Amino acid sequence: MNTTISPDVALQKLINDHRRVQDLFTLFEEEDDAELRHEIGQKAINALTRHALLEETLLYPIAQAATGEDALVEDHREEHQLMKSIIAEAKLLRPGRDFDRKFRSLISIVKSHIEKEEGILFPLLEKSGVDLKKLGRKITQYRPEVSGSSMGVVLVGLVAAAGAYYWLSQRPNSHSRP
Ligand SMILES: [Fe+2]
Ligand SMILES: [Fe+2]
């Protein structure tokens, strides 16, 4: 087991995911060819799907318990739902104007969601005193196989969620505000 993990690894891994998606958004906007824009869009969609699953399974339950900010975390979950419904629609579209329009609406939602996570949720989580090293280990070990069968994704998600809830249940005052 990696014992040298630093407390900020948990959030840095998530921030790295955000930067990768933002870089893909920039590539999308700079690309002139519709087929290539569609390919870049699919890469961003895959990265976003994995990232959203990781956050919903590990980060959000822990953030909710540690900060007591139920409404804020619920707001994040709702934005993920919106994101996922746009992704489901975008996946049905071939390269061209409709896909580009749909993907641009995804970009706008994801950009503001990332600002909220990094500007509000992550700082609250850092202040909450939650064990970020432990969360970092869970995040680094998390391996959702989004490209595999959907059942595999669900099973991986359920196992990780069970681990997160077990961990929360072992923490004293896990539901109290800092
Ligand atoms: Fe998120
Ligand atoms: Fe995120």
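Two residues are in contact here if their C-beta atoms, placed from the backbone, lie within 7 Å. By that test, the cover over the buried residues of helix α3 includes α2 (34-67) and α4 (97-127). The model is predicted.

**Overall make-up**

The protein has 6 helices and 0 strands. Along the sequence the pattern reads α-α-α-α-α-α. Of its 178 residues, 23% count as buried. Take the contacts between residues at least 6 apart in sequence: 72% of them join residues at least 24 apart.

**Helix α1**

Helix α1 covers residues 9-30. Its 22 residues reach 31 Å from first C-alpha to last. That is close to the 32 Å expected at 1.5 Å a residue.

Which residues of α1 are buried? They are A10, L11, L14, L24, F25 and F28. Around the axis they cover an arc of only 145 degrees, which puts them on the same side of α1. The other side of α1 carries exposed residues: N16, R19, T26 and E30. The buried residues of α1 pack against α2, α4 and α5.

**How α1 meets α2 and α5**

Two packed helices are described by the angle between their axes and the distance between the axes. Start with α2. Its axis and that of α1 are 9 Å apart, and the helices pack at an angle of about 160 degrees. Angles over 145 degrees count as roughly antiparallel, and α1 and α2 are therefore roughly antiparallel to each other. The crossing of α1 past α2 is left-handed. On the α1 side, the contact is made by L14, D17, R20, V21, L24, F25, L27 and F28. On the α2 side, it is made by R37, I40, G41, K43, A44, A47, L48, H51 and L59.

Now α5, residues 132-141. The axes of α1 and α5 come within 7 Å and cross at roughly 40 degrees. That crossing makes α1 oblique to α5. Here α1 contributes V9, A10, L11 and K13 to the contact. Helix α5 contributes L132, L135, G136, I139 and T140.

**Helix α3**

Helix α3 spans residues 70-91. At 1.5 Å a residue, its 22 residues should span 32 Å, and its end C-alpha atoms are 31 Å apart, which agrees.

Is the buried part of α3 spread around the helix or kept to one face? The buried residues are V73, H76 and A90. Seen down the axis of α3, they fall within an arc of 90 degrees, so they line one face of the helix. An α-helix has 3.6 residues a turn, so residues three or four places apart point the same way. The face of α3 turned away from the buried side carries exposed residues: D70, A71, E74, E78, Q81, S85 and A88.

**Three buried residues**

A residue counts as buried if 20 or more other C-beta atoms lie within 10 Å of its own. The table takes three residues that pass this test, each with one partner that is distant in sequence.

| Residue | C-beta neighbours inside 10 Å | Partner | Separation along the chain | C-alpha to C-alpha |
|---|---|---|---|---|
| T57 | 23 | Y142 | 85 residues | 9.8 Å |
| A63 | 23 | V130 | 67 residues | 8.4 Å |
| H76 | 21 | H113 | 37 residues | 7.4 Å |

T57 is found in helix α2. With 23 C-beta neighbours inside 10 Å, T57 counts as buried.

A63 also lies in helix α2. What does A63 contact, leaving aside its neighbours within four places in sequence? Its partners are V73, L121 and L125. V73 is one of the buried residues of α3.

H76 is found in helix α3. H76 counts as buried because it has 21 C-beta neighbours inside 10 Å. Not counting residues up to four places away in sequence, H76 touches Y60, E117 and L121. L121 thus appears among the contacts of A63 and of H76.

**In short**

Helix α1 packs through its buried residues against α2, α4 and α5. Helix α3 keeps its buried residues V73, H76 and A90 under a cover that includes α2 and α4.

Technical notes: Residues are numbered from 1 along each chain as its sequence is written. Chains are lettered from A and ligands numbered from 1 in the order in which they are written. This is a predicted model: local features need pLDDT of at least 70, side-chain atom pairs count only at pLDDT 80 or more; totals for chains, interfaces and linings use all residues. Helices (H or I, at least four residues) and strands (E, at least two) are DSSP runs, numbered from the N terminus. The expected span of a helix is 1.5 Å times one less than its number of residues. A residue is buried if 20 or more other C-beta atoms lie within 10 Å of its own, exposed if 12 or fewer, and partly exposed in between; C-beta atoms are placed from the backbone. The arc is that of the directions from the helix axis to the C-beta atoms. Axes are lines fitted to C-alpha atoms, for helices over the stretch in contact, and angles run from 0 to 180 degrees between N-to-C directions. Angles under 35 degrees count as roughly parallel, over 145 as roughly antiparallel, 65 to 115 as roughly perpendicular and the rest as oblique. A crossing is left-handed if the near helix is turned anticlockwise from the far one by less than a right angle, and right-handed if clockwise.
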